[in-house]
Each structure stands twice: as C-alpha cells, then as structure tokens.
Amino acid sequence: MKLDLSRVAAAARQAQAAASEPFCAYLYDLAALRRHAAALARSLPVNCELFYAIKANSDLPILQTLAPLMAGFEVASGGELAWVRAHFPSIPVIFGGPGKTDQELREALAQDVERLHVESLGELERLAWIARERGRTVSVLLRINLPLHDLPETTLTMGGRPTPFGIDADQVPQCLAWLKQHPEIHLKGFHFHLLSHQLDARAHLKLLESYFRQVRDWQERHALTIEELNVGGGIGINYREPDRQFDWPAFTGGLAALVRHWRMEFCRIRFEPGRYVSAACGYYLMEVLDIKENLGRTFVIGRGGTHHFRTPYAQGHSHPFQVLPVERWPYPFPRPQVARRAVSVVGQLCTPKDVLAVDVPVEQVRVGDLLLFPYAGAYAWHISHHDFLRHPHPLHLYLPTEASCHAANQ
Ligand SMILES: Cc1ncc(COP(=O)(O)O)c(C=O)c1O
C-alpha cells in the first residue's frame, strides 16, 4: 500500500493550473487501487473470497476498477443495490445491513442477490413471507452479535456489546428452530462484522478465531451444515501514524494457519472490507485561501472543508497532509505565508467543527499552495454533508489505470 505521491502531486498541480476558481478536488489513483486490490485478493487462502463494501466509496470508476478483481460487491441499501445492478448486471452481490424494508427485500429477490444477510428474527419472518408470495426460496446468512468481552476498542464498534447490529447469539437456537419450519429460507451459514478500524493484525486473527470457534460449536451442537462464513470487513487505516499500517502479510499468513487449525477448509470464507480496499487510492486537495493568527494559534483556511471530507471529524483525528508548493501568485501585494510553525487546517464552513488537522508543524505554507490529504478514498466524500452552505462541490479526478492508458493510446 505504498503511496505514489509524485504522480498524484503532478496531476494535482496540472489540474489546479487549469482551474479558473480556487482549487478543490478529490483525486483517485486507479492504477494504485488496482495493484492494491489485486494483491489483497491474491494473498488470501484458497477458500477465501473478497467482496468490496461499496458504502466506503461507490464512485463508478472505483467500482469498475474493482469489479474484475473482487468476488463481488457488498451493498447495504436498496439504493446501493440499484446502483450496482445498473452498472454491473451480473456481478455477485451480498445485501446486508439493518432495517431492510419490504421493498428492499423484494428488490433483492428480483435482482438476484447472491446472498442476503439477515439482521433479526423479524426480518426473517418478512423475508419468508415475501419469498412465499413469489414462490421462491432464498439463501441467507444470519448476522450474529457475539458477547466478546476482550474485543479491541476501536472508534467504530458494531458488536461484542449491545448494538442494533445482528442477532443476539443467544437467539440462535430460536432462529434454527424457526428455520426448520420454513423451508423457503436456506441457511448457508453466519455473518459477523463486530468492528471497524482494526489496526492490529494479531487482534484481528484473534477475532476471527472467536468466529471459527463459535461456528464449530453451533455446527456440532445443532448438527448444522455450514457452507459459508462471512467475517465482515473492519480492517483499519492508521490515519494518526500512516507509516504503521495494518500488517496484511502477517494477517494472511496467520489466517492460513487458523483455517487449518480449525479445519475450516470445507467452508467458503468471505471478507467484505471497504476502508482497507479503497482508502489509500484517494486524495483530497484544497487550495490555501487564507492564513491567519488568532489568539495565539495559526489557522490555514482551505478551499472546501468537512462538508467534502468529513473523515477527520468523523473519526476524531488530525488528518495527515502535505503542502504542495505552487509558484503562481497573481496579486500585486506580498503573499501571506508562515514558516516552521504549527498550523491548524480548517475549511470554509461557519462552524468551529470544520477542522481537518490541528497544530501540525509545517516547513512552509503560503496562500495559493495546495494541501494534499492522503487516505481519502473511503468514507470521505460519501459520508460528507455536501450541500451545507452550498459551496461548490470539489472536482472528482481519476488517474487512469495502466490498462485504460494503454487502451486510450491505441
Ligand atoms: C456489515 C458491514 N460489512 C462491512 C463493512 C465495511 O467495513 P470496513 O469499511 O470497516 O471494512 C461495514 C461497515 O460499516 C459493515 O457494516
């Protein structure tokens, strides 16, 4: 997951030079995305498959780059399902997420989703009713919340304690009894997604081991045939210490050993990560509009803000950035600048919450320079409140993959 900043910086400077307004953009390196996703898929044990959780970033060029490399896409709403089906009519789709409506369940059947992840007994009842209405059978996984007391603390925990996600593990016997009476629903196995932002490969292996142990226990206790286990996504990006990322090679090595130890080779194991797949291919760029001192602190105000790039505020971190010097200065007066100073980077919104980085030392920054925020390819544009204050949206630029460059040059 090495970032190729020189290619990105050159493209950013070129795009800024062509802009007639102060510059603000998302820039995605599709070649880097393709290399990264291919390496992830290649390194998993043979009975493992990679689905991409499109909620992280569902832009079409991102999905088009990933589609040939992934086993399929995971969607979490009727809107995501419609988007995927409009552009990828035959790609395998997993449909999960809480609070599915009857209409979404009907669409899931109509659009032939490969697997439905069911979140509650109530949803099972409604799904069975809809399946009967259509004379259909449906294959499902039950999403389960396990009471795990040693779950690592992250900023996004979806399980291990009371949450709205999944079925309480204690209700599994009740679900299995219900399923015996409902042949229209085929149970293929279980789904777990207990947390996001996992940065520690060993802790993630431990979490997966808890799933394997639990599934083995249910299998024996209830004489179940389990064909499939979905272990969710949740692998994090280290925004605070970008040089210390999740150790993927250690994880896949440990996973192969874990699969052998728990004799899980019989079972198809699916992963559905979002952040870890697409975060590193995306960059958010702001042109510096103003620099000012205010009650002893230095603020750099960039074009854009958290209404485009809510990731730092949502996760409570100071986002790493680099200053890209830009030599153009069109005004007849001196250029505002600071050197060897700690600066806070903020956006254009009228709220003190519009903060992207706090008290970060910089060598030099001037009005008109560009600020480049890496790791902005997941839960960035897609989780932001775009129209607050009605500032213009950023440009969305896609650096092509080598294959599309090659095709364009033919
Ligand atoms: C059920 C489920 N699967 C997968 C994901 C993707 O998680 P991440 O982007 O952390 O890998 C999420 C994220 O919320 C989720 O809720």
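**Close-up 1. Backbone contacts to the ligand at G274, R275 and G234.** In this predicted model, a polar backbone atom of G274 sits 2.9 Å from an oxygen atom of the ligand. Next along the chain, R275 also offers a polar backbone atom, again 2.9 Å from a ligand oxygen. At G234, the distance from a polar backbone atom to an oxygen of the ligand is 2.7 Å. If you wonder how much of the ligand the protein buries, the figure is 92% of the 390 Å² that the ligand exposes when taken alone.

**Close-up 2. The shell of residues around the ligand.** Here you can look around the 14 residues that surround the ligand. Those that come nearest are S196, G234, E272, R275 and Y379. Sorted by class, the shell holds 6 polar, 4 charged and 4 nonpolar residues.

**Close-up 3. Helix α6 from end to end.** Helix α6 covers residues 121-134, 14 residues in total. Its end C-alpha atoms are 20 Å apart, which agrees with the 20 Å span expected at 1.5 Å a residue. Just past the helix comes G135, with a positive phi near 65°.

**Close-up 4. The buried residues of α6 and their neighbours.** Which residues of α6 are buried? They are L121, E123, L124, L127, A128, I130 and A131. As a reminder for reading the view, an α-helix has 3.6 residues a turn, so residues three or four places apart point the same way. The buried residues of α6 pack against two helices, α5 (102-110) and α7 (172-180). They also pack against the strands β5 (115-118), β6 (138-145) and β9 (185-191).

Note on methods. Residues numbered from 1 in each chain as written. Predicted model: local features only at pLDDT ≥ 70, side-chain atom pairs only at ≥ 80, totals over all residues. Heavy atoms only, no water. Near = heavy atom within 4 Å. Polar contact = N/O pair within 3.5 Å; in protein donor to acceptor, adjacent residues only side chain to side chain. Areas by Shrake-Rupley, 256 points an atom, 1.4 Å probe, with all protein chains shown as cover. Nonpolar A, V, L, I, M, F, W, Y, C, P; charged D, E, K, R; others polar. Helix = DSSP H or I, 4+ residues; strand = E, 2+ residues; numbered from the N terminus. Expected span 1.5 Å × (residues − 1). Buried < 20%, exposed > 50% of the residue type's maximum accessible area, 1.4 Å probe, protein only. Contact = heavy atoms within 4.5 Å.
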